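Visitor: I would like to understand how the words used for a structure follow from the values behind them. Could we go through it step by step?

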Amino acid sequence: MAYDPSQYEAQRRGLMQNYAATNATNAYSNFLSRQRGQRGLSDLQTSFQKAAPQLVSGYGRRGLNSPNVRSGIFTRALADFAKNATTQQSQAQQELDQSQNLFDLQQKQSLEGYNQALQDLEAQKAREMAADAQSILQYRAGM
Amino acid sequence: MAVKIYKTADRAEQGQKTVPTGQLRSTSGQVTPTPTGQTDLAGYSTNYGYQPADRLVTNMGNSAARSAAVLAGNNPAFDTSGITIDMGLQNQLAALQSALGVGGSGSKKTGLTTGDARMAELKYKKEQDAAALARQQAANQALLDSFQNGTYLAGNEDIMALINQMQQTGEGNIDTQYQNAIGNIGQGYDVASQQTNLGYQNLQDYLNQNPNNPYQGMQATVGTASNPLEQFLTGYGAMTPDVQGQVAAEQLAGQQGGQAFNDLVNILNKQAQQGDISRLAEAKMAGNMASTGLGQQRAGYESQAANQKQSGINALMGQIQQAQLQEKIRQQQAKQQIIDALTQAGIKIPGATGGTDTGQGGQTDNGLSPDILAQLAARRSGF
(Lines give C-alpha, C1' and ligand atoms only; values in the text may rest on other atoms or scores of the structure.)
Protein backbone atom coordinates (compact mmCIF):
# COMPACT_ATOMS: atom_id res chain seq x y z
CA MET A 1 0.00 0.00 0.00
CA ALA A 2 1.39 3.33 -1.00
CA TYR A 3 2.27 5.75 1.78
CA ASP A 4 -0.59 8.13 2.43
CA PRO A 5 0.16 10.85 5.01
CA SER A 6 -3.46 11.92 5.10
CA GLN A 7 -4.40 8.70 6.84
CA TYR A 8 -1.93 9.45 9.59
CA GLU A 9 -3.23 12.97 9.92
CA ALA A 10 -6.70 11.55 10.38
CA GLN A 11 -5.43 9.20 13.07
CA ARG A 12 -3.52 12.03 14.67
CA ARG A 13 -6.64 14.15 14.80
CA GLY A 14 -8.51 11.29 16.38
CA LEU A 15 -5.88 10.84 19.04
CA MET A 16 -5.73 14.53 19.73
CA GLN A 17 -9.46 14.79 19.98
CA ASN A 18 -9.62 11.88 22.36
CA TYR A 19 -6.83 13.29 24.50
CA ALA A 20 -8.32 16.76 24.54
CA ALA A 21 -11.72 15.46 25.55
CA THR A 22 -10.28 13.27 28.26
CA ASN A 23 -8.03 16.02 29.53
CA ALA A 24 -10.82 18.55 29.54
CA THR A 25 -13.08 16.24 31.46
CA ASN A 26 -10.30 15.54 33.92
CA ALA A 27 -9.53 19.21 34.32
CA TYR A 28 -13.18 20.01 34.98
CA SER A 29 -13.43 17.18 37.44
CA ASN A 30 -10.31 18.51 39.11
CA PHE A 31 -11.85 21.94 39.32
CA LEU A 32 -15.03 20.62 40.87
CA SER A 33 -13.10 18.48 43.30
CA ARG A 34 -10.89 21.37 44.35
CA GLN A 35 -13.88 23.61 44.74
CA ARG A 36 -15.68 21.12 46.92
CA GLY A 37 -12.58 20.54 48.98
CA GLN A 38 -11.91 24.20 49.50
CA ARG A 39 -15.52 24.78 50.48
CA GLY A 40 -15.41 21.99 52.97
CA LEU A 41 -12.16 23.26 54.35
CA SER A 42 -13.56 26.74 54.64
CA ASP A 43 -16.72 25.50 56.34
CA LEU A 44 -14.61 23.50 58.72
CA GLN A 45 -12.53 26.51 59.64
CA THR A 46 -15.66 28.59 60.09
CA SER A 47 -17.29 26.03 62.30
CA PHE A 48 -14.25 25.79 64.55
CA GLN A 49 -13.92 29.53 64.71
CA LYS A 50 -17.57 29.82 65.75
CA ALA A 51 -17.34 26.96 68.21
CA ALA A 52 -14.28 28.31 70.02
CA PRO A 53 -16.00 31.29 71.76
CA GLN A 54 -18.89 29.07 72.76
CA LEU A 55 -16.42 26.67 74.33
CA VAL A 56 -14.82 29.49 76.29
CA SER A 57 -18.16 30.90 77.45
CA GLY A 58 -19.34 27.47 78.55
CA TYR A 59 -16.37 27.06 80.80
CA GLY A 60 -16.90 30.59 81.98
CA ARG A 61 -20.46 29.96 83.05
CA ARG A 62 -19.29 27.04 85.07
CA GLY A 63 -16.69 29.27 86.70
CA LEU A 64 -13.82 27.44 85.22
CA ASN A 65 -12.69 30.35 83.18
CA SER A 66 -12.68 34.01 84.03
CA PRO A 67 -10.20 36.84 83.95
CA ASN A 68 -9.13 35.78 87.38
CA VAL A 69 -9.62 32.06 87.02
CA ARG A 70 -7.77 29.88 84.54
CA SER A 71 -8.48 26.27 85.35
CA GLY A 72 -6.54 23.33 84.04
CA ILE A 73 -9.73 21.73 82.82
CA PHE A 74 -10.45 24.73 80.63
CA THR A 75 -6.94 24.88 79.33
CA ARG A 76 -6.94 21.18 78.46
CA ALA A 77 -10.35 21.37 76.87
CA LEU A 78 -9.28 24.32 74.80
CA ALA A 79 -6.09 22.48 73.73
CA ASP A 80 -8.09 19.40 72.80
CA PHE A 81 -10.42 21.59 70.82
CA ALA A 82 -7.49 23.15 69.04
CA LYS A 83 -5.92 19.76 68.34
CA ASN A 84 -9.18 18.49 66.95
CA ALA A 85 -9.54 21.53 64.74
CA THR A 86 -5.96 21.14 63.58
CA THR A 87 -6.44 17.48 62.79
CA GLN A 88 -9.67 17.87 60.89
CA GLN A 89 -8.46 20.88 58.99
CA SER A 90 -5.18 19.21 58.10
CA GLN A 91 -6.90 16.06 56.94
CA ALA A 92 -9.29 18.07 54.85
CA GLN A 93 -6.39 19.93 53.34
CA GLN A 94 -4.53 16.69 52.66
CA GLU A 95 -7.56 15.17 51.03
CA LEU A 96 -7.84 18.23 48.87
CA ASP A 97 -4.15 18.05 47.97
CA GLN A 98 -4.30 14.33 47.26
CA SER A 99 -7.31 14.83 45.08
CA GLN A 100 -5.44 17.47 43.16
CA ASN A 101 -2.41 15.23 42.85
CA LEU A 102 -4.58 12.39 41.60
CA PHE A 103 -6.12 14.57 38.94
CA ASP A 104 -2.71 15.78 37.94
CA LEU A 105 -1.50 12.22 37.73
CA GLN A 106 -4.44 11.23 35.58
CA GLN A 107 -3.75 14.15 33.30
CA LYS A 108 -0.10 13.15 33.00
CA GLN A 109 -1.02 9.56 32.31
CA SER A 110 -3.46 10.67 29.67
CA LEU A 111 -0.74 12.79 28.13
CA GLU A 112 1.65 9.86 28.24
CA GLY A 113 -0.86 7.67 26.43
CA TYR A 114 -1.40 10.38 23.87
CA ASN A 115 2.33 10.75 23.31
CA GLN A 116 2.74 6.99 23.06
CA ALA A 117 0.03 6.83 20.43
CA LEU A 118 1.64 9.63 18.46
CA GLN A 119 5.01 7.90 18.62
CA ASP A 120 3.42 4.65 17.49
CA LEU A 121 1.89 6.57 14.64
CA GLU A 122 5.23 8.06 13.64
CA ALA A 123 6.89 4.65 13.86
CA GLN A 124 4.15 3.17 11.72
CA LYS A 125 4.72 5.93 9.17
CA ALA A 126 8.42 5.16 9.07
CA ARG A 127 7.77 1.43 8.66
CA GLU A 128 5.29 2.00 5.89
CA MET A 129 7.70 4.33 4.12
CA ALA A 130 10.37 1.65 4.38
CA ALA A 131 7.98 -0.97 3.03
CA ASP A 132 6.99 1.31 0.18
CA ALA A 133 10.65 1.95 -0.50
CA GLN A 134 11.21 -1.79 -0.80
CA SER A 135 8.30 -1.98 -3.22
CA ILE A 136 9.80 0.87 -5.23
CA LEU A 137 13.08 -0.99 -5.50
CA GLN A 138 11.23 -4.17 -6.39
CA TYR A 139 9.23 -2.45 -9.08
CA ARG A 140 12.27 -0.70 -10.52
CA ALA A 141 14.11 -4.00 -10.59
CA GLY A 142 11.24 -5.47 -12.56
CA MET A 143 10.71 -8.25 -10.05
CA MET B 1 11.93 -27.55 -83.05
CA ALA B 2 9.15 -28.75 -80.87
CA VAL B 3 8.23 -32.37 -80.94
CA LYS B 4 5.13 -33.24 -79.10
CA ILE B 5 4.25 -36.70 -77.99
CA TYR B 6 0.76 -37.41 -76.86
CA LYS B 7 -0.53 -40.38 -75.07
CA THR B 8 -3.39 -42.43 -76.47
CA ALA B 9 -5.85 -40.83 -74.17
CA ASP B 10 -4.99 -37.50 -75.65
CA ARG B 11 -5.54 -38.55 -79.21
CA ALA B 12 -9.14 -37.66 -79.54
CA GLU B 13 -8.84 -34.17 -78.28
CA GLN B 14 -5.62 -33.48 -80.05
CA GLY B 15 -6.92 -34.77 -83.38
CA GLN B 16 -3.63 -36.36 -84.29
CA LYS B 17 -2.93 -39.39 -86.30
CA THR B 18 -2.65 -42.66 -84.58
CA VAL B 19 0.25 -44.86 -85.46
CA PRO B 20 -0.41 -48.55 -85.41
CA THR B 21 1.28 -50.74 -82.97
CA GLY B 22 4.96 -51.34 -83.61
CA GLN B 23 5.44 -48.53 -86.06
CA LEU B 24 6.29 -44.92 -86.21
CA ARG B 25 4.97 -43.53 -89.42
CA SER B 26 6.13 -40.34 -91.03
CA THR B 27 3.99 -38.16 -93.15
CA SER B 28 5.19 -40.11 -96.11
CA GLY B 29 4.11 -43.29 -94.49
CA GLN B 30 7.62 -44.50 -93.84
CA VAL B 31 7.78 -46.57 -90.73
CA THR B 32 10.72 -45.93 -88.49
CA PRO B 33 11.24 -47.86 -85.33
CA THR B 34 11.81 -45.66 -82.34
CA PRO B 35 13.57 -46.92 -79.27
CA THR B 36 12.18 -46.60 -75.83
CA GLY B 37 13.80 -45.51 -72.63
CA GLN B 38 15.72 -42.86 -74.49
CA THR B 39 15.30 -39.24 -75.09
CA ASP B 40 14.77 -37.88 -78.50
CA LEU B 41 16.68 -35.03 -80.02
CA ALA B 42 14.55 -32.54 -78.24
CA GLY B 43 15.09 -34.28 -74.98
CA TYR B 44 11.63 -35.75 -74.69
CA SER B 45 11.17 -39.25 -73.44
CA THR B 46 10.63 -41.80 -76.09
CA ASN B 47 9.38 -44.52 -73.86
CA TYR B 48 6.41 -45.10 -76.00
CA GLY B 49 5.65 -48.40 -74.48
CA TYR B 50 5.75 -50.51 -77.60
CA GLN B 51 5.05 -54.14 -76.93
CA PRO B 52 5.96 -56.49 -79.86
CA ALA B 53 4.30 -59.79 -79.54
CA ASP B 54 6.94 -62.03 -81.06
CA ARG B 55 10.25 -60.39 -80.22
CA LEU B 56 9.44 -58.46 -77.19
CA VAL B 57 12.38 -56.80 -75.60
CA THR B 58 11.43 -55.93 -72.12
CA ASN B 59 12.93 -53.14 -70.13
CA MET B 60 13.69 -51.20 -73.21
CA GLY B 61 14.54 -48.30 -71.04
CA ASN B 62 17.72 -50.13 -70.20
CA SER B 63 20.11 -49.23 -72.91
CA ALA B 64 22.41 -52.10 -72.04
CA ALA B 65 19.68 -54.63 -72.52
CA ARG B 66 18.60 -52.95 -75.68
CA SER B 67 22.12 -52.93 -76.99
CA ALA B 68 22.52 -56.55 -76.12
CA ALA B 69 19.38 -57.34 -77.99
CA VAL B 70 20.61 -55.49 -81.00
CA LEU B 71 23.91 -57.31 -80.92
CA ALA B 72 22.12 -60.60 -80.68
CA GLY B 73 20.31 -59.78 -83.87
CA ASN B 74 17.15 -59.76 -81.99
CA ASN B 75 15.96 -56.63 -83.61
CA PRO B 76 12.89 -55.77 -81.71
CA ALA B 77 9.81 -54.67 -83.32
CA PHE B 78 8.53 -51.50 -81.86
CA ASP B 79 5.08 -51.31 -80.63
CA THR B 80 3.92 -47.80 -81.12
CA SER B 81 0.33 -48.47 -80.49
CA GLY B 82 -1.31 -45.74 -78.63
CA ILE B 83 1.30 -43.22 -79.62
CA THR B 84 0.32 -40.10 -81.39
CA ILE B 85 2.96 -38.05 -83.00
CA ASP B 86 2.22 -34.64 -84.31
CA MET B 87 3.26 -33.56 -87.71
CA GLY B 88 6.32 -31.76 -86.42
CA LEU B 89 7.81 -35.01 -85.19
CA GLN B 90 6.84 -36.79 -88.33
CA ASN B 91 8.50 -34.10 -90.36
CA GLN B 92 11.56 -34.42 -88.22
CA LEU B 93 11.64 -38.14 -88.71
CA ALA B 94 11.15 -37.71 -92.40
CA ALA B 95 14.08 -35.32 -92.53
CA LEU B 96 16.15 -37.79 -90.60
CA GLN B 97 15.19 -40.61 -92.91
CA SER B 98 15.94 -38.46 -95.89
CA ALA B 99 19.34 -37.62 -94.54
CA LEU B 100 20.02 -41.25 -93.95
CA GLY B 101 18.68 -42.16 -97.33
CA VAL B 102 16.22 -44.56 -95.84
CA GLY B 103 13.04 -42.64 -96.14
CA GLY B 104 10.49 -42.14 -98.79
CA SER B 105 7.17 -40.61 -99.37
CA GLY B 106 3.95 -42.36 -99.53
CA SER B 107 4.20 -45.96 -100.36
CA LYS B 108 7.17 -45.45 -102.60
CA LYS B 109 9.79 -48.06 -102.11
CA THR B 110 13.28 -46.69 -101.54
CA GLY B 111 15.18 -49.89 -101.38
CA LEU B 112 15.89 -49.55 -97.67
CA THR B 113 17.28 -52.74 -96.28
CA THR B 114 17.14 -54.04 -92.76
CA GLY B 115 20.84 -53.42 -92.39
CA ASP B 116 20.40 -49.83 -93.38
CA ALA B 117 17.75 -49.42 -90.78
CA ARG B 118 20.02 -50.87 -88.18
CA MET B 119 22.79 -48.62 -89.19
CA ALA B 120 20.50 -45.64 -89.02
CA GLU B 121 19.44 -46.66 -85.61
CA LEU B 122 22.95 -47.09 -84.42
CA LYS B 123 23.97 -43.78 -85.87
CA TYR B 124 21.05 -42.13 -84.27
CA LYS B 125 21.85 -43.72 -80.97
CA LYS B 126 25.46 -42.80 -81.25
CA GLU B 127 24.62 -39.18 -81.77
CA GLN B 128 22.24 -39.31 -78.94
CA ASP B 129 24.75 -40.88 -76.64
CA ALA B 130 27.41 -38.41 -77.68
CA ALA B 131 25.12 -35.49 -76.99
CA ALA B 132 24.11 -36.85 -73.63
CA LEU B 133 27.69 -37.58 -72.79
CA ALA B 134 28.69 -34.07 -73.75
CA ARG B 135 25.99 -32.63 -71.55
CA GLN B 136 26.98 -34.83 -68.68
CA GLN B 137 30.64 -33.99 -69.13
CA ALA B 138 29.82 -30.31 -69.17
CA ALA B 139 27.81 -30.71 -66.03
CA ASN B 140 30.57 -32.71 -64.40
CA GLN B 141 33.15 -30.16 -65.39
CA ALA B 142 30.96 -27.45 -63.93
CA LEU B 143 30.73 -29.40 -60.72
CA LEU B 144 34.47 -29.97 -60.68
CA ASP B 145 35.17 -26.32 -61.31
CA SER B 146 32.74 -25.38 -58.57
CA PHE B 147 34.47 -27.76 -56.23
CA GLN B 148 37.99 -26.68 -57.06
CA ASN B 149 37.43 -22.95 -57.00
CA GLY B 150 35.06 -23.17 -54.08
CA THR B 151 32.16 -21.44 -55.74
CA TYR B 152 29.85 -24.04 -54.23
CA LEU B 153 30.57 -22.25 -50.98
CA ALA B 154 29.21 -19.03 -52.38
CA GLY B 155 27.13 -17.25 -49.77
CA ASN B 156 28.85 -19.02 -46.94
CA GLU B 157 30.76 -15.96 -45.85
CA ASP B 158 27.60 -13.90 -45.93
CA ILE B 159 25.79 -16.45 -43.82
CA MET B 160 28.66 -16.67 -41.35
CA ALA B 161 28.83 -12.90 -41.25
CA LEU B 162 25.11 -12.78 -40.56
CA ILE B 163 25.54 -15.30 -37.77
CA ASN B 164 28.38 -13.27 -36.30
CA GLN B 165 26.34 -10.13 -36.63
CA MET B 166 23.45 -11.90 -34.94
CA GLN B 167 25.79 -12.85 -32.13
CA GLN B 168 27.10 -9.33 -31.74
CA THR B 169 23.62 -7.88 -31.89
CA GLY B 170 22.33 -10.42 -29.41
CA GLU B 171 25.20 -9.82 -27.01
CA GLY B 172 24.71 -6.10 -27.37
CA ASN B 173 21.02 -6.40 -26.64
CA ILE B 174 21.63 -8.60 -23.65
CA ASP B 175 24.26 -6.24 -22.31
CA THR B 176 21.98 -3.28 -22.90
CA GLN B 177 19.21 -5.06 -21.10
CA TYR B 178 21.55 -5.88 -18.25
CA GLN B 179 22.83 -2.34 -18.03
CA ASN B 180 19.26 -1.06 -18.04
CA ALA B 181 18.35 -3.50 -15.30
CA ILE B 182 21.36 -2.48 -13.21
CA GLY B 183 20.56 1.16 -13.81
CA ASN B 184 16.96 0.69 -12.81
CA ILE B 185 17.97 -1.27 -9.73
CA GLY B 186 20.46 1.42 -8.79
CA GLN B 187 17.96 4.21 -9.28
CA GLY B 188 15.31 2.25 -7.45
CA TYR B 189 17.72 1.64 -4.60
CA ASP B 190 18.63 5.31 -4.40
CA VAL B 191 15.01 6.35 -4.20
CA ALA B 192 14.15 3.55 -1.79
CA SER B 193 17.14 4.30 0.41
CA GLN B 194 16.30 7.97 0.45
CA GLN B 195 12.70 7.24 1.38
CA THR B 196 13.70 4.79 4.08
CA ASN B 197 16.24 7.13 5.61
CA LEU B 198 13.79 9.97 5.44
CA GLY B 199 11.11 7.99 7.21
CA TYR B 200 13.28 6.77 10.05
CA GLN B 201 15.16 10.05 10.38
CA ASN B 202 11.85 11.81 10.72
CA LEU B 203 10.87 9.32 13.37
CA GLN B 204 14.08 9.85 15.32
CA ASP B 205 13.73 13.59 15.03
CA TYR B 206 10.20 13.36 16.29
CA LEU B 207 11.20 11.18 19.21
CA ASN B 208 14.03 13.51 20.13
CA GLN B 209 11.87 16.59 19.89
CA ASN B 210 8.89 15.04 21.63
CA PRO B 211 10.11 12.99 24.54
CA ASN B 212 7.29 11.17 26.19
CA ASN B 213 8.00 12.12 29.77
CA PRO B 214 4.99 13.90 31.16
CA TYR B 215 6.07 13.22 34.76
CA GLN B 216 9.17 15.33 34.36
CA GLY B 217 9.18 17.89 37.23
CA MET B 218 5.95 16.67 38.69
CA GLN B 219 5.73 17.13 42.46
CA ALA B 220 3.03 16.31 44.90
CA THR B 221 1.13 19.22 46.33
CA VAL B 222 1.45 19.07 50.12
CA GLY B 223 -0.33 21.63 52.20
CA THR B 224 1.13 23.09 55.34
CA ALA B 225 -0.52 21.97 58.54
CA SER B 226 -1.33 24.77 60.90
CA ASN B 227 -3.34 25.47 64.00
CA PRO B 228 -6.23 27.67 62.96
CA LEU B 229 -6.81 28.61 66.59
CA GLU B 230 -3.26 29.43 67.43
CA GLN B 231 -3.86 33.07 68.24
CA PHE B 232 -6.99 32.16 70.11
CA LEU B 233 -5.18 29.62 72.16
CA THR B 234 -2.30 31.95 72.75
CA GLY B 235 -4.75 34.55 74.05
CA TYR B 236 -6.01 32.12 76.60
CA GLY B 237 -2.60 30.69 77.34
CA ALA B 238 -3.68 27.31 76.06
CA MET B 239 -1.08 26.92 73.35
CA THR B 240 0.39 23.84 74.88
CA PRO B 241 3.21 21.73 73.50
CA ASP B 242 0.91 18.87 72.69
CA VAL B 243 -1.08 21.15 70.42
CA GLN B 244 2.10 22.10 68.67
CA GLY B 245 2.97 18.42 68.47
CA GLN B 246 -0.34 17.69 66.87
CA VAL B 247 0.32 20.36 64.27
CA ALA B 248 3.74 18.89 63.56
CA ALA B 249 2.26 15.40 63.31
CA GLU B 250 -0.30 16.52 60.77
CA GLN B 251 2.39 18.31 58.85
CA LEU B 252 4.47 15.18 58.83
CA ALA B 253 1.54 13.05 57.73
CA GLY B 254 0.92 15.41 54.86
CA GLN B 255 4.56 15.39 53.84
CA GLN B 256 4.68 11.61 53.98
CA GLY B 257 1.66 11.38 51.75
CA GLY B 258 3.25 13.81 49.35
CA GLN B 259 6.49 11.90 49.38
CA ALA B 260 4.67 8.68 48.56
CA PHE B 261 3.06 10.42 45.67
CA ASN B 262 6.37 11.78 44.52
CA ASP B 263 7.87 8.32 44.67
CA LEU B 264 5.08 7.06 42.49
CA VAL B 265 5.67 9.89 40.07
CA ASN B 266 9.38 9.20 40.03
CA ILE B 267 8.76 5.57 39.12
CA LEU B 268 6.45 6.58 36.35
CA ASN B 269 8.94 9.21 35.24
CA LYS B 270 11.79 6.73 35.00
CA GLN B 271 9.58 4.25 33.23
CA ALA B 272 8.60 6.88 30.70
CA GLN B 273 12.23 7.84 30.16
CA GLN B 274 13.22 4.22 29.64
CA GLY B 275 10.37 3.82 27.25
CA ASP B 276 11.53 6.82 25.31
CA ILE B 277 15.10 5.53 25.12
CA SER B 278 13.86 2.11 24.10
CA ARG B 279 11.64 3.59 21.43
CA LEU B 280 14.45 5.73 20.07
CA ALA B 281 16.76 2.71 19.95
CA GLU B 282 14.02 0.72 18.29
CA ALA B 283 13.66 3.41 15.63
CA LYS B 284 17.40 3.41 14.99
CA MET B 285 17.51 -0.37 14.74
CA ALA B 286 14.52 -0.44 12.45
CA GLY B 287 16.09 2.20 10.24
CA ASN B 288 19.36 0.29 10.16
CA MET B 289 17.59 -2.95 9.36
CA ALA B 290 15.58 -1.31 6.63
CA SER B 291 18.69 0.21 5.05
CA THR B 292 20.56 -3.06 5.34
CA GLY B 293 17.62 -4.93 3.89
CA LEU B 294 17.49 -2.56 0.96
CA GLY B 295 21.17 -3.12 0.32
CA GLN B 296 20.72 -6.86 0.45
CA GLN B 297 17.69 -6.63 -1.77
CA ARG B 298 19.65 -4.56 -4.25
CA ALA B 299 22.48 -7.06 -4.24
CA GLY B 300 19.99 -9.85 -4.80
CA TYR B 301 18.38 -8.08 -7.72
CA GLU B 302 21.75 -7.32 -9.25
CA SER B 303 22.70 -10.93 -8.84
CA GLN B 304 19.50 -12.01 -10.55
CA ALA B 305 20.16 -9.58 -13.38
CA ALA B 306 23.67 -10.94 -13.77
CA ASN B 307 22.33 -14.49 -13.80
CA GLN B 308 19.75 -13.56 -16.39
CA LYS B 309 22.44 -11.92 -18.47
CA GLN B 310 24.60 -15.01 -18.26
CA SER B 311 21.65 -17.23 -19.09
CA GLY B 312 20.81 -15.05 -22.06
CA ILE B 313 24.37 -15.14 -23.28
CA ASN B 314 24.48 -18.89 -22.85
CA ALA B 315 21.27 -19.32 -24.78
CA LEU B 316 22.49 -16.96 -27.47
CA MET B 317 25.80 -18.74 -27.77
CA GLY B 318 23.95 -22.02 -28.02
CA GLN B 319 21.87 -20.66 -30.85
CA ILE B 320 24.90 -19.18 -32.55
CA GLN B 321 26.85 -22.39 -32.27
CA GLN B 322 23.85 -24.31 -33.53
CA ALA B 323 23.56 -22.00 -36.52
CA GLN B 324 27.28 -22.24 -37.20
CA LEU B 325 27.13 -25.99 -36.91
CA GLN B 326 24.20 -26.19 -39.29
CA GLU B 327 26.04 -24.00 -41.76
CA LYS B 328 29.12 -26.20 -41.48
CA ILE B 329 26.97 -29.26 -42.00
CA ARG B 330 25.37 -27.63 -45.00
CA GLN B 331 28.79 -26.86 -46.43
CA GLN B 332 29.97 -30.39 -45.83
CA GLN B 333 26.83 -31.80 -47.36
CA ALA B 334 27.23 -29.62 -50.44
CA LYS B 335 30.84 -30.69 -50.72
CA GLN B 336 29.94 -34.32 -50.28
CA GLN B 337 27.18 -34.07 -52.85
CA ILE B 338 29.64 -32.73 -55.38
CA ILE B 339 32.13 -35.41 -54.51
CA ASP B 340 29.45 -38.07 -54.80
CA ALA B 341 28.22 -36.72 -58.11
CA LEU B 342 31.72 -36.55 -59.55
CA THR B 343 32.60 -39.93 -58.16
CA GLN B 344 29.44 -41.35 -59.65
CA ALA B 345 30.52 -39.83 -62.93
CA GLY B 346 33.89 -41.46 -62.58
CA ILE B 347 35.82 -38.30 -62.09
CA LYS B 348 38.59 -38.30 -59.60
CA ILE B 349 39.00 -35.12 -57.64
CA PRO B 350 42.62 -34.30 -56.88
CA GLY B 351 43.09 -34.08 -53.16
CA ALA B 352 39.52 -34.99 -52.40
CA THR B 353 38.52 -38.09 -50.58
CA GLY B 354 35.86 -40.26 -52.14
CA GLY B 355 36.74 -39.52 -55.75
CA THR B 356 37.36 -42.55 -57.94
CA ASP B 357 38.34 -43.25 -61.41
CA THR B 358 35.86 -44.77 -63.78
CA GLY B 359 35.60 -48.32 -62.63
CA GLN B 360 35.96 -51.31 -64.91
CA GLY B 361 32.62 -52.51 -65.95
CA GLY B 362 30.92 -49.49 -64.57
CA GLN B 363 28.25 -47.81 -66.56
CA THR B 364 28.81 -44.48 -68.22
CA ASP B 365 26.54 -41.54 -68.05
CA ASN B 366 24.61 -42.60 -71.10
CA GLY B 367 23.60 -45.74 -69.36
CA LEU B 368 25.67 -48.07 -71.56
CA SER B 369 28.52 -50.01 -70.09
CA PRO B 370 31.92 -49.61 -71.73
CA ASP B 371 31.87 -53.26 -72.71
CA ILE B 372 28.62 -52.88 -74.52
CA LEU B 373 29.80 -49.74 -76.24
CA ALA B 374 32.96 -51.53 -77.36
CA GLN B 375 30.91 -54.38 -78.78
CA LEU B 376 28.65 -51.91 -80.52
CA ALA B 377 31.63 -50.20 -82.04
CA ALA B 378 32.90 -53.54 -83.25
CA ARG B 379 29.57 -54.32 -84.82
CA ARG B 380 29.51 -50.95 -86.56
CA SER B 381 32.94 -51.47 -87.99
CA GLY B 382 31.75 -54.79 -89.32
CA PHE B 383 29.01 -53.33 -91.48
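Guide: Let us begin with one pair of side chains in this predicted model: those of B:Asp242 and A:Lys83 meet in a salt bridge, with 3.7 Å from N to O.

Visitor: Why is the meeting of B:Asp242 and A:Lys83 called a salt bridge?

Guide: The rule asks for a side-chain nitrogen of Lys or Arg within 4 Å of a carboxyl oxygen of Asp or Glu. The N to O distance for A:Lys83 and B:Asp242 is 3.7 Å, which is within 4 Å, and therefore the pair counts as a salt bridge. Across the interface of chain B and chain A the rule finds two salt bridges.

Visitor: Which helices of chain B supply at least two residues each to the side that touches chain A?

Guide: They are helix 5 (156-209), helix 6 (230-236) and helix 7 (241-344) of chain B, and it is helix 7 that gives the most, with 20 residues. Sorted by class, this side of chain B has 32 nonpolar, 19 polar and six charged residues.

Visitor: How do you know what span to expect of helix 7 of chain B?

Guide: The expected span is 1.5 Å times one less than the number of residues. Helix 7 of chain B has 104 residues, so 154 Å is expected, and the 150 Å from its first C-alpha to its last is close to that value.

Visitor: What makes A:Tyr19 and A:Tyr114 a stacked aromatic pair?

Guide: Ring centres must lie within 6.5 Å, and planes under 30 degrees apart count as stacked. Here the centres are 4.7 Å apart and the angle between the planes is 10°, so both conditions are met and the pair is stacked. The pair links distant parts of the chain, since A:Tyr19 belongs to helix 1 (residues 5-61) of chain A and A:Tyr114 to helix 2 (residues 72-140), 95 residues apart.

Visitor: Why are A:Arg12 and A:Glu9 separated by about one helical turn?

Guide: The reason is that they are three residues apart in helix 1 of chain A. Their side chains meet in a salt bridge, at 3.6 Å from N to O.

Technical notes
Residues are numbered from 1 along each chain as its sequence is written. Chains are lettered from A and ligands numbered from 1 in the order in which they are written. This is a predicted model: local features need pLDDT of at least 70, side-chain atom pairs count only at pLDDT 80 or more; totals for chains, interfaces and linings use all residues. Side-chain values use heavy atoms; hydrogens and water are left out. Helices (H or I, at least four residues) and strands (E, at least two) are DSSP runs, numbered from the N terminus. Ala, Val, Leu, Ile, Met, Phe, Trp, Tyr, Cys and Pro count as nonpolar, Asp, Glu, Lys and Arg as charged, and the others, Gly among them, as polar. Rings of Phe, Tyr and Trp (its six-membered ring) pair if their centres lie within 6.5 Å; planes under 30 degrees apart count as stacked, over 60 as edge-to-face and the rest as tilted.
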